[in-house]
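Q: Could we go through this model together, chain by chain?

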Amino acid sequence: MGSVRATKENPSMNTSTNSAEIEATAASWFAKREGGDWNAADQAQLEAWLDSSTAHRIAFVRIVTAWERSGRLTALGAGVPEGTIPPRDAWGFALSSKVPASRDPRERLQSVAGAAPAAAPSIVPGVRASSRPLFSRHLRAVAALLVAGTAAGAFWYRSMDHAESYRTQIGALTTVPLADGSKVTLNTDSQIHVELSPTMRRVKLDQGEAFFEVSKDGARPFVVEIADQRVIAVGTQFSVRRENNDIRVLVTEGRVWIERRGAADRAAQTQLAAGSEARTSKTAVLIDRPAPAQVEQLLSWRSGYIIFRDTALADAVADFNRYSARKIYIEDPAIAGIRIGGHFRSGDADAFLWLLHSGFPINVEQRSDRIILTKR
Amino acid sequence: MNKLLLLYLPPAPQYLYAVLTALDQWFAAEILPHEGMLVRYLTRVWPNSAEVLDLRQDIYVRVYESARSTLPTSPKAFLFATARNLMTDRIRRSRVVFIDSTPDYESLNLLVDEISPERRLSARQELRSLARAFDSLSEKCRNVVWLRRVEGLSQRETAQRLELHEGAVESQLARGLRVLALAVFGSADGVGPGHERESEHEYKHE
């Protein structure tokens, strides 16, 4: 009787009988999009398909979300040598009653061997009990060879990735082109570590400040990691400045997500649009929309300038000190609050000090290792 | 200057959502998590379990279309109210008279929370459910999913490693994703006999 109803004439029911096909199509679109040879024409076709029916869109949303959430599977890869596909039921929790998970380490080893397509684990149960010890010794040898083989394979795949570190000295400023077409500008005394893999572009900001111009690649997110926080972009421009484990992120184009791995394993995210700045400290995020002049000020370092606008002397000095090994100290709190403004070359502290000396009641004492400011 | 202090808010969508609209993201965050419960509910009250997947789709479409104009304040209650309305509409419009199996009108009106308490899967439960779905895949499909999703190899690398055509890798990934989706949204777990038919319906349709 069910079949009679399923083929009824109602048009809405008619289209709805395609739900499994729609889902299959959505999954195919997704797999194609993740496949690598994705171009603008494909994107346009996908968008047309998504826009042609809400059911299409929902099916796609569902698959995207499933892919995202299935990332949890990577937890299963922990402890598994790269290049090895573990056997079924190797997860430590019994998944099915039919095939109890093996607790015998020898069997686990065999099963690892079975991961290679050639040696199917199903061979093992067919072996007669009497011949087993000998057989399993052979299998162990085979397993060892296979593991060695896949380990070599893993190394080869690894070496296809690009991993590079870049570092700037105090006072330096440099722009680094990355292999994916992105560009990173490193401010003074900064260090990044870049890893480009087929699924992710990963940059660790070990210290300092960097401005990222990310080339668009929807299949390969660009992730900047700072301790337990991540700034995630697909194609956009933003700067990240690290102070200990707190960060300041300023987005000039597109949008990024800021994510922190909390105490729970659930990641928390904040979305940041162009023109916004986020500052994080411990568990809070402060989001601000700076005025254009302020944005210019925040990013002026990229052209080698520091801009002050009604800036307290103490802050200005702290800024200059980032660019010089010979630090400036304010010995007299009475002058720390003096407000100053102006454009300075970040490497040219002398001009700054000369201005302080000539324009303010400030005495500048030059020592070999430091500079002392006192009230005149 | 407008400053806004934001404490970290509930888990938000991941980077992949960059392709999705705000409404898509809302749908993924507020509606999809109830899928397991919805499917169990439909399986229970709708006489023909072969139609459950279609029903689910139509309900989703209605919810989504209506959310275009106004987001419901209680997404879960709205989802189930939509489910009830849609089933009622279908019964009314249908020319077929149910003879041997009438829909259970009583349970159509059950309060959602009486049917089954919402289960938020713990991380470990979710992983277990995913692992089970993963292990249920065919050998080829399972290998593809592992290399693509866990090891993060590209489609080309996966094809080389498994000695498959890239097209095969692509289609196996698509197939695997649909199975994983069931696990992710909880409809693969603890569903009655209807579930078997439902999943058959879903996977053998390619």
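The exchange below covers the two chains, some helix pairs and a few backbone angles.

Q: Before we start, what kind of model is this, and how is it numbered?
A: This is a predicted model, in which local features need pLDDT of at least 70 and side-chain atom pairs count only at pLDDT 80 or more, while totals for chains, interfaces and linings use all residues. Residues are numbered from 1 along each chain as its sequence is written, and chains are lettered from A and ligands numbered from 1 in the order in which they are written.

Q: How many helices and strands are in chain A?
A: Chain A has 12 helices and 18 strands; helices (H or I, at least four residues) and strands (E, at least two) are DSSP runs, numbered from the N terminus.

Q: And in chain B?
A: Chain B has 11 helices and 1 strand. Read from the N terminus, the order is β-α-α-α-α-α-α-α-α-α-α-α.

Q: What share of each chain is buried?
A: In chain A, 32% of the 376 residues are buried, and in chain B, 40% of the 206 residues are. Buried denotes 20 or more other C-beta atoms within 10 Å of the residue's own, exposed 12 or fewer, and partly exposed in between, with C-beta atoms placed from the backbone.

Q: Which helices cross in chain A?
A: One pair is H3 (residues 19-35) and H5 (residues 54-69), whose axes come within 8 Å and cross at roughly 55°. Axes are lines fitted to C-alpha atoms, for helices over the stretch in contact, and angles run from 0 to 180 degrees between N-to-C directions. That crossing makes H3(A) oblique to H5(A): angles under 35 degrees count as roughly parallel, over 145 as roughly antiparallel, 65 to 115 as roughly perpendicular and the rest as oblique.

Q: What residues meet there?
A: From H3(A), A:Ile22, A:Glu23, A:Ala26, A:Ala27, A:Trp29 and A:Phe30 meet A:Ala55, A:His56, A:Ala59, A:Phe60, A:Ile63, A:Val64 and A:Trp67 of H5(A); contact requires C-beta atoms, placed from the backbone, within 7 Å. By class, this contact of H3(A) with H5(A) has 11 nonpolar, 1 polar and 1 charged residues. Ala, Val, Leu, Ile, Met, Phe, Trp, Tyr, Cys and Pro count as nonpolar, Asp, Glu, Lys and Arg as charged, and the others, Gly among them, as polar.

Q: How do H2 and H3 of chain B cross?
A: The axes of H2(B) (residues 35-45) and H3(B) (residues 52-69) come within 10 Å and cross at roughly 125°. H2(B) is therefore oblique to H3(B). B:Leu38, B:Val39, B:Leu42 and B:Thr43 of H2(B) make the contact with B:Val52, B:Leu55 and B:Arg56 of H3(B). By class, the contact of H2(B) with H3(B) has 5 nonpolar, 1 polar and 1 charged residues.

Q: Switching topic, why is H8 of chain B described as largely enclosed?
A: Of the 12 residues of H8(B), 10 are buried, so H8(B) is largely enclosed by the rest of the structure. Among them are B:Trp146, B:Arg148 and B:Arg149.

Q: What follows that helix?
A: B:Gly152 follows H8(B), with a positive phi near 70°.

Q: Which residue has a positive phi although it is not a glycine?
A: One of them is A:Asp189, with a phi of about 50°, in the loop between strand S3 (183-186) and strand S4 (191-196) of chain A. Another is A:Ala227, also with a positive phi of about 50°, in the loop between strand S6 (222-226) and strand S7 (229-233) of chain A.

Q: Is A:Ala227 buried, exposed or partly exposed?
A: A:Ala227 counts as partly exposed, with 15 C-beta neighbours inside 10 Å.

Methods:
Contact = placed C-beta atoms within 7 Å.
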